[in-house]
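Reader: I would like to learn how to read the strands, helices and buried positions of a model such as this one. Could you take me through it slowly, giving the general idea and then the case at hand?

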Amino acid sequence: MTDMTPIKTPAEQALSRAFGLAAPTLPGDASVKELRASAFGAFEAAGLPHRRVEDWKYTDLRVLMREAKPLAAPPNADDIAAAKDAGAAFAAAGARRLVLVNGSFVAELSDLASLEVGLTILPLARVLGEGQPLSSRLGRLAPKGNAAVDLNTAFMADGVVVHVAAGTKIERPLLIVSRHVGAATADVMRSLVVVEDGAALTLIESFEGPDGVDYQTNSALELSVGKLASVELIRHQAEGDGALHLHTLMAEAAAHASLKGCTLTTGAAVSRQQVALALNGDHISAGLRGTSLLRGRQHGDTTLLVEHKGTHCESRELFRTVLDGESHGVFQGKIIVESQAQKTDGRMASNALILAEGAEMDNKPELEIYADDVQCGHGATVGALDEELLFYLEARGIPEAAAAALLIQSFVGEIIDQVENEAVRAALMDGVGRWLAQRAGTPQARD
């Protein structure tokens, strides 16, 4: 028997050429270069994931990613001018705006004045270029053998690094907004957020781009939440309708910490949001919620892993998907309870609402439990709009389309209503309203 060498796809070949050209110019010391080389080596060995890779069973990236776009160059003056309104959807929240244009941090569009005592914000390129201590944290939380993460680690050049000192309560939300402008390129960004013991932070991520451009985004966020710290993480994915969007949240929480998350997905032709959360201490509270609204031929994948490693921890994962047209939704969720994680309380649920016969939803919730004193459960439902409720609303003079919109809004509103900041909550519901208006054939202005 002879060894078989898999044939590389055009996208894989282009990525190999791109790394060979880019690697000598990417920022970072010898340890970072070694990290990059190791990550790309792992990618080259495995290639783009396909349907025979269990975690990518429903999102065959080898098929969906036919080509690899060229790496985005640093934005020029025209690019920066085109992105001046980035994050406008969250203007009412009064957030401190931090802007990435085609993956590069743009200081002149970012609000870096009068930082709160205990808050540090730096571009990733600077942290890597200067070999600052925080750079040693990069890659520590990365899951092994994940192609999206390996490519992000290999090509990361810029992003945002945030450090919140112990005991510091940041009242003003931070908004990291990624805006794509111009031609179709590959935008790679990596952010690192460290919230020390007893600190508090609200962080918003927003992804925006033009319709009609098949650009590619690969974004990753590493989040460390210290003991007794509190973080609320909001994510709005409103990429252009031709985009390929890959996003990875790698998070860890220490004892008595609180982590809340809420995501809204309405954009991109193909999107995958993946979460790897480790509850490393005792008495941690974690709640991850999200909603995806898909139409046309959109493909939206939510894949998450929650690991319970301490005692008396609680986790809640609730995700809802609305599917219209010939869209395809995916939910893969796994809770792992280690043998020492007694008194764990973990719940996971996925609910899907099908609006058209051509839409499809795949659900795969899982539990992997090695402790004997736990309360864990998972469930998944797929259904259509309730005909009795529609009739009830129509009998009271509400047109059929408006009645359906009210039911959809209520279905996803239960997810978004848990967001603490009223202005952020309103911004997300505005995003839902825009999707409903587009479905009804009355498009509104994009973010």
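Author: Let us begin with a term: two strands are said to pair if DSSP finds at least two bridges between them. Please keep in mind throughout that this is a predicted model. With that cut-off in hand, strand 10 and strand 12 count as a pair, because two bridges are enough, and here 10 bridges link them in the parallel sense.

Reader: Which residue of strand 12 stands opposite leucine 249?

Author: That residue is valine 275 in strand 12. Turning to strand 8, we find that 10 bridges join it to strand 10, and that these strands run parallel; there, threonine 217 stands opposite histidine 245 of strand 10.

Reader: How do these pairs fit into a whole sheet, and in what order do the strands come?

Author: Strands of a sheet pair through backbone hydrogen bonds, either parallel or antiparallel. In this model nine strands make up an open sheet with the order 3-4-6-8-10-12-14-16-18, and the pairing is mixed. Its edges are strand 3 (119–123) and strand 18 (360–369), each of which pairs on one side only. Direction ignored, neighbouring strands of this sheet are turned by 5 degrees against each other on average. Further along the order, strand 14 (residues 299–308) and strand 16 (residues 328–337) pair in the parallel sense over 10 bridges, with glutamine 332 of strand 16 as the bridge partner of threonine 303.

Reader: How should I read the two faces of a strand, taking strand 10 as the example, and are they covered or open?

Author: In a regular strand the side chains alternate between the two faces of the sheet. For strand 10 both faces are covered, with Leu244, Leu246, Thr248, Met250 and Glu252 buried on one side and His245, His247, Leu249, Ala251 and Ala253 buried on the other. Since 10 of the 10 residues of strand 10 are buried, this strand is largely enclosed by the rest of the structure.

Reader: Within that strand, what does the side chain of histidine 245 contact?

Author: Histidine 245 lies in strand 10 (residues 244–253), and its relative accessible area is 1%, which means that it is buried, the limit being under 20%. Its side chain makes a polar contact with the side chain of glutamate 239, at 2.8 Å. If we leave aside neighbours within four places in sequence, the residues in contact with histidine 245 include Phe207, Thr217, Arg235, Ala268 and Val270.

Reader: Which strands form the sheet that contains strand 7, and in what order?

Author: That open sheet has 10 strands in the order 2-1-5-7-9-11-13-15-17-19, and its pairing is mixed. The edge strands are strand 2 (104–105) and strand 19 (375–383), each pairing on one side only. Strand 5 (residues 174–179) and strand 7 (residues 200–208) run parallel and are joined by six bridges; leucine 174 stands opposite leucine 203 in strand 7, while leucine 175 has isoleucine 204 as its bridge partner in strand 7. Strand 7 also pairs with strand 9 (residues 230–238) in the parallel sense over nine bridges, where leucine 203 has leucine 233 as its bridge partner.

Reader: How many residues of strand 7 are buried?

Author: Nine of its nine residues are buried, so the strand is mostly covered, buried being under 20% relative accessible area. Both of its faces are covered, and the buried residues include Ile204 on one side and Leu203 on the other.

Reader: Let us move to helices. How is the packing of helix 2 against helix 6 described?

Author: Two packed helices are described by the angle between their axes and the distance between the axes. The axes of helix 2 (residues 30–46) and helix 6 (residues 147–155) come within 8 Å and cross at roughly 145 degrees, and the crossing is left-handed. Among the residues that make the contact are Leu35, Phe40 and Phe43 of helix 2 and Leu151 and Phe155 of helix 6. Taken by class, the residues of this contact divide into nine nonpolar, one polar and two charged.

Reader: Which strands does helix 6 lie across?

Author: Helix 6 lies across strand 6 (186–195), strand 8 (216–225), strand 10 and strand 12 (270–279), and runs at about 90 degrees to strand 6. Helix 8 (residues 400–416), in turn, lies across strand 11 (258–265), strand 13 (285–294), strand 15 (314–323) and strand 17 (345–354), running at about 155 degrees to strand 15.

Methods. Residues are numbered from 1 along each chain as its sequence is written. This is a predicted model: local features need pLDDT of at least 70, side-chain atom pairs count only at pLDDT 80 or more; totals for chains, interfaces and linings use all residues. Side-chain values use heavy atoms; hydrogens and water are left out. Helices (H or I, at least four residues) and strands (E, at least two) are DSSP runs, numbered from the N terminus. Buried means under 20% relative accessible area, exposed over 50%, partly exposed in between (1.4 Å probe, protein chains only). A polar contact is a pair of N or O atoms within 3.5 Å; within protein, one must be able to donate a hydrogen and the other to accept it, and residues adjacent in sequence count only if both atoms are side-chain atoms. Contact means heavy atoms within 4.5 Å. Axes are lines fitted to C-alpha atoms, for helices over the stretch in contact, and angles run from 0 to 180 degrees between N-to-C directions. A crossing is left-handed if the near helix is turned anticlockwise from the far one by less than a right angle, and right-handed if clockwise. Ala, Val, Leu, Ile, Met, Phe, Trp, Tyr, Cys and Pro count as nonpolar, Asp, Glu, Lys and Arg as charged, and the others, Gly among them, as polar.
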